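Got the viewer open and the cartoon turned on? Let's walk through the model stop by stop, with a selection to make at each one.

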Amino acid sequence: MAEFSQKQRKQHGREGLGSVVDFLLANARLVLGVSGAAVLGIATLAVKRLIDRATSPRDEDDSKADGWKELSLLRATSHQQPQPPPAALSQPMPLLSPSPSAPVEPTPTHSQKTPTPQPSSPAPLCLTFQEKLLAFERNHVIVPEAHVTLVKQLAGDIALELQAYLRSKFPELPFGALVPGGPLYEGLQAGAAEHVRLLAPLELEPGLWNLVPGMDTVAREPRCWAVRRTQLEFHPRGRSPWDRFLVGGYLSSRVLLELLRKALAASVNWPAIGSLLGCLIRPSVASEELLLEVQHECLEFTLAVLMVVPGASADDRLLLAWPLEGLAANLWLQDLYPVEAACLRALDDRDAGTRRRLLLLLCGVCRRHPALVRLGWSHLTQVVLHLGQEEVAWTEEALGDRFLQALEFLVGSLEQASLPCHFNPSVNLLGSFREEEIDDIGYVLYRGLQVPESLL
């Protein structure tokens with residue numbers, strides 16, 4: 001009898017608990033809605049089973065069989081998607097049928113308002129490659145005019161200070177006036193990519209020096225020249241102040257570079273000059289070129305000091321003291337920049353073309369990709385010059401097509417490991433590239449041809 005009474009009490013307890021659960025679920029439908037009530041019901045059912053198992057003895061096998069089900073129910077409640085907030089209690093709620101079947105749709109009344117459709121967000125614009133290219137030009141290529149003015153002012157002031165230093169440090173060496181220039185002065189600067197050129201001309205005595213093509217020397221370098229000392233029988237060594245830099249009867253660019261590099265690094269008081277000009281000037285010790293890194297509060301740029309030997313008066317040839325290797329270490333490198341810039345300007349003036357804009361876009365793209373940095377201003381200028389002779393449209397509307405055409409030309413040149421100079425086809429501008437560098441550049445450009453937007 002006692003056992004029967006205990007079972008009766010447990011049965012009444014379960015019925016009472018079930019009534020409470022049903023009451024909660026019925027009211028939850030009104031407050032939380034159908035989906036919210038379903039979530040609450042699952043959680044409540046799990047708690048109810050836990051209470052039943054705690055109040056009544058169960059077999060061990062039954063506990064193991066139902067354990068993973070309860071765990072899955074609890075996990076299901078935690079992974080439900082967030083539901084929209086319930087309607088306010090003051091708003092009229094439709095009456096739901098107590099039947100477990102689908103709820104009856106409420107009858108619309110005059111008090112209910114039809115929801116106003118929200119304006120949809122505008123669809124994203126699909127820009128063409130031409131439009132993306134022009135946007136890249138505005139954001140990453142065009143240099144603000146205020147920056148151009150400031151760089152020109154700082155470069156001019158540094159040139160005056162350096163010229164005064166050279167005249168005081170080496171009064172016996174006749175250096176000409178130091179003249180800043182370069183792509184920035186020609187409107188051919190893409191961002192802060194190119195160096196500002198500071199030319200330091202050597203004033204050689206007429207009649208004592210002769211220019212010899214590099215192909216006529218043991219180095220056999222078509223782009224280099226040798227500066228040979230002549231008239232030694234009438235003007236022996238020592239008559240010219242530049243005779244101290246002779247190596248084997250030729251004016252050595254390497255010896256002059258070493259002299260000026262030591263002077264710029266150790267003798268010039270750059271902190272004082274920078275304080276006077278309102279900027280920080282530091283010579284670059286990592287580069288074999290003569291570079292000055294200039295930092296202003298508004299911008300940064302690099303000034304390249306270039307010692308040059310002017311050519312004959314009949315041409316505009318300039319020979320640079322450049323860090324060369326091997327048999328060409330004492331030779332002078334022909335500067336192609338003046339003729340390249342002049343040729344581009346003439347081609348664009350002839351048909352109001354966009355060759356220079358294409359060059360700036362190529363420079364801007366290459367400066368933003370580590371694998372393409374090896375392609376310098378001169379390499380890309382030669383590509384544009386090769387394409388510039390073709391009878392194709394060079395209007396702004398065709399700029400995207402010309403950009404892709406330049407990429408194709410570059411990929412073809414890299415496959416052959418050959419980019420002939422426009423002015424001297426015997427000069428291969430890719431001759432100094434390693435095979436690994438050519439492979440890396442070619443891979444990036446080939447992928448760029450498949451998806452041009454990836455380069456921007």
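Select Arg197 and Asp335: both are buried, where buried means under 20% relative accessible area, exposed over 50%, and partly exposed in between (1.4 Å probe, protein chains only). They form a salt bridge, with the closest N and O atoms 2.4 Å apart. A salt bridge here is a side-chain nitrogen of Lys or Arg within 4 Å of a carboxyl oxygen of Asp or Glu. Arg197 sits in strand β2 (residues 196–201) and Asp335 in the loop between β11 (332–334) and α8 (337–351), so the pair ties together parts that are 138 residues apart in sequence. Helices (H or I, at least four residues) and strands (E, at least two) are DSSP runs, numbered from the N terminus.

Before you click on, some ground rules. This is a predicted model, in which local features need pLDDT of at least 70 and side-chain atom pairs count only at pLDDT 80 or more, while totals for chains, interfaces and linings use all residues. Residues are numbered from 1 along each chain as its sequence is written, and side-chain values use heavy atoms, with hydrogens and water left out.

**More salt bridges**

How many salt bridges are there by this rule? The count comes to 13. Next, pick Asp351 and Arg355, whose side chains meet in a salt bridge at 2.8 Å, N to O. Asp351 counts as partly exposed because its relative accessibility is 37%. Arg355, at 1% relative accessibility, counts as buried. Now add Asp348, Asp349 and Arg356 to the selection: salt bridges that share partners join them with Asp351 and Arg355 into one network.

Then go to Glu437, which forms a salt bridge with Arg434, the closest N and O atoms being 3.4 Å apart. Glu437 has 15% relative accessibility and therefore counts as buried.

**A negative patch**

Keep going along that stretch and select Glu435, Glu436, Asp439 and Asp440, which form a negative surface patch. Patches are made of residues with over 30% relative accessible area and no salt bridge; like charges are joined within 9 Å, and nonpolar side chains (Val, Leu, Ile, Met, Phe, Trp, Tyr) within 5 Å. Lys and Arg count as positive and Asp and Glu as negative, with His and the chain ends not counted. The place of a charge is taken as NZ of Lys, CZ of Arg, CG of Asp or CD of Glu. Zoom in on Asp439, which lies in helix α12 (residues 435–450). At 46% relative accessibility, Asp439 counts as partly exposed.

**Two loop residues with positive phi**

Most residues other than glycine have a negative phi. Try Gln231, where phi is near 60°, a positive value in a residue other than glycine. Gln231 is in the loop between β4 (224–229) and β5 (246–247), and is partly exposed at 32% relative accessibility.

Ala417 comes next: phi is positive there too, about 55°, although this residue is not a glycine. You'll find Ala417 in the loop between α11 (399–416) and α12. With 34% relative accessibility, Ala417 counts as partly exposed.

**Val427 and what surrounds it**

Stay in the loop between α11 and α12 and select Val427. Is Val427 buried or exposed? Val427 is buried, with a relative accessible area of 7%. Leaving out residues up to four places away in sequence, Val427 touches Pro222, Arg223, Leu419, Pro420 and Cys421; contact means heavy atoms within 4.5 Å. Draw a distance from Val427 to Pro222: their C-alpha atoms are separated by 6.0 Å, although the two are 205 residues apart along the chain.

**Thr128 and α3**

Jump to Thr128, in the loop between α2 (60–78) and α3 (129–141). Thr128 counts as partly exposed, at 43% relative accessibility. Add Glu453: C-alpha to C-alpha, Thr128 and Glu453 are 9.6 Å apart in space and 325 residues apart in sequence.

Then slide into α3 and show the buried residues Phe129, Gln130, Leu133, Leu134, Ala135, Phe136, Glu137 and Val141. What covers them includes α9 (355–367) and α11.

**Zooming out**

Finish with the whole protein chain on screen, with its twelve helices and eleven strands. Of its 456 residues, 37% count as buried. Among contacts in the chain with a separation of 6 or more, 61% come from residues 24 or more positions apart.

Note on methods:
Areas by Shrake-Rupley, 256 points an atom, 1.4 Å probe, with all protein chains shown as cover.
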